[in-house]
Amino acid sequence: MRRSIGAAILIAAALTVSTASGALAAGGGKGQGNTNGHGGDMPAYYDDQLFTINFKLMKPDLHHNPSFNTIYQCDTCADQGLNFVSVLDAIQGDGFNPIWEEHQITFNAGFQPVQFTSDDQILQAQQQGEITITDTEEFYRCSVVGKK
């Protein structure tokens with residue numbers, strides 16, 4: 001079956017939108033454009049300091065890697081008017097492995113979404129019953145870009 005050039009362009013555009021939508025749904029690609037470059041840049045907190053990280057979805061299962069870290073996200077916060085900025089439990093240094101596993105935060109009934117700025121705040125909120133944390137089993141390469 002022969003396809004016109006116009007149809008091929010529409011199919012390519014649909015695949016591009018689908019791929020970009022998947023990256024956004026997964027929490028990646030919150031920047032613009034190619035997630036292999038600065039398009040994957042996004043803000044993230046670590047110990048009350050705001051950094052810029054480069055964020056890229058990795059293959060599904062990296063549990064065999066003993067040195068992954070956690071990135072906390074709240075995709076449902078946007079539905080309640082909060083543009084939640086991700087929170088990291090570590091940033092890289094010498095010999096550091098920049099692999100993070102995503103954990104989603106859900107605010108429990110009766111609690112308004114708030115912006116956390118450290119993993120300590122998140123773990124305390126979980127302990128107090130304010131939030132539920134769900135392991136998404138998704139892994140990302142996250143490296144701090146710019147000033148550390």
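1. How do strand β1 and strand β2 pair, and over how many bridges? Before the reply, a word of caution for your reading: this is a predicted model. In it, β1 (residues 41-46) and β2 (residues 49-57) run antiparallel to one another and are joined by six bridges. To see one of these pairs on your screen, pick Met42, whose bridge partner in β2 is Ile53. The two strands make a hairpin, with two residues between them. In that turn you will find Asp47, which has a positive phi of about 45°.

2. Now step back to the whole chain. Its 148 residues include 36% that are buried. The chain has two helices and six strands, and from the N terminus on their order is α-β-β-β-β-β-α-β. As for how the chain comes together, 68% of the contacts with a separation of 6 or more are between residues 24 or more positions apart.

3. The strands deserve a slow look. Six of them close into a barrel, in the order β1-β2-β6-β5-β3-β4, with mixed pairing. On average, neighbouring strands of this sheet are turned by 50° against each other, direction ignored. If a reminder is welcome, strands of a sheet pair through backbone hydrogen bonds, either parallel or antiparallel. Both senses occur here, as the next two points show.

4. For the parallel sense, go to β1 and β4 (residues 86-88), which are joined by two bridges. Tyr45 is a handy marker, with Val87 as its bridge partner in β4. That makes β1 a good strand to follow in both directions: β1 runs parallel to β4, while its pairing with β2 is antiparallel.

5. For the antiparallel sense, follow β6 (131-145). β6 pairs with β2 over six bridges and with β5 over eight bridges, in each case antiparallel. On the β2 side, Phe55 has Cys142 as its bridge partner, and Thr52 stands opposite Val145. On the β5 side, Gln104 stands opposite Thr134.

6. Which residues touch the most other members of the largest nonpolar core? They are Phe84, Val87, Ile105, Phe107, Phe116, Ile122 and Ile131, out of 14 residues in that core. At least two core residues come from each of β5 (99-107), α2 (119-127) and β6. A second core, of 11 residues, lies apart from this one, and includes Met42, Phe51, Ile53 and Cys142. You have already met some of these names: Met42 and Ile53 are bridge partners, and Cys142 is the partner of Phe55.

7. Ile131 is worth selecting by itself. Setting aside neighbours within four places in sequence, Ile131 is in contact with Ile105, Thr106, Phe107, Asn108, Phe116, Ile122, Ala125 and Gln126. Among these, Ile105, Phe107, Phe116 and Ile122 are also in the list of core residues that touch the most other members.

8. Next, the helix α2. Its buried residues are Asp119, Ile122 and Ala125. Viewed down the helix axis, they fall within an arc of 125°, so they line one face of α2. The general rule is a familiar one: an α-helix has 3.6 residues a turn, so residues three or four places apart point the same way. On the other side of α2, Asp120 and Gln127 are exposed. The cover over the buried residues includes β3 (69-73), β4, β5 and β6. Just after the helix, Gly129 takes a positive phi of about 80°.

9. Finally, the cysteines. Where is the one disulfide of the structure? Look between Cys74 and Cys77, where the S to S distance is 2.1 Å. The torsion about this S-S bond is about 85°, so the disulfide is right-handed. Are the two cysteines buried or exposed? Under 20% relative accessible area counts as buried; Cys74 has 6% and is therefore buried, and Cys77, at 1%, is buried as well. Cys142 has come up in another setting, as one of the residues of the 11-residue core.

Note on methods:
Residues are numbered from 1 along each chain as its sequence is written. This is a predicted model: local features need pLDDT of at least 70, side-chain atom pairs count only at pLDDT 80 or more; totals for chains, interfaces and linings use all residues. Side-chain values use heavy atoms; hydrogens and water are left out. A nonpolar core is a set of buried Ala, Val, Leu, Ile, Met, Phe, Trp, Tyr and Cys residues joined through side-chain atoms within 4.5 Å. Buried means under 20% relative accessible area, exposed over 50%, partly exposed in between (1.4 Å probe, protein chains only). Helices (H or I, at least four residues) and strands (E, at least two) are DSSP runs, numbered from the N terminus. Contact means heavy atoms within 4.5 Å. Two strands pair if DSSP finds at least two bridges between them. The arc is that of the directions from the helix axis to the C-beta atoms. A disulfide is a pair of cysteine sulfur atoms within 2.5 Å. Axes are lines fitted to C-alpha atoms, for helices over the stretch in contact, and angles run from 0 to 180 degrees between N-to-C directions.
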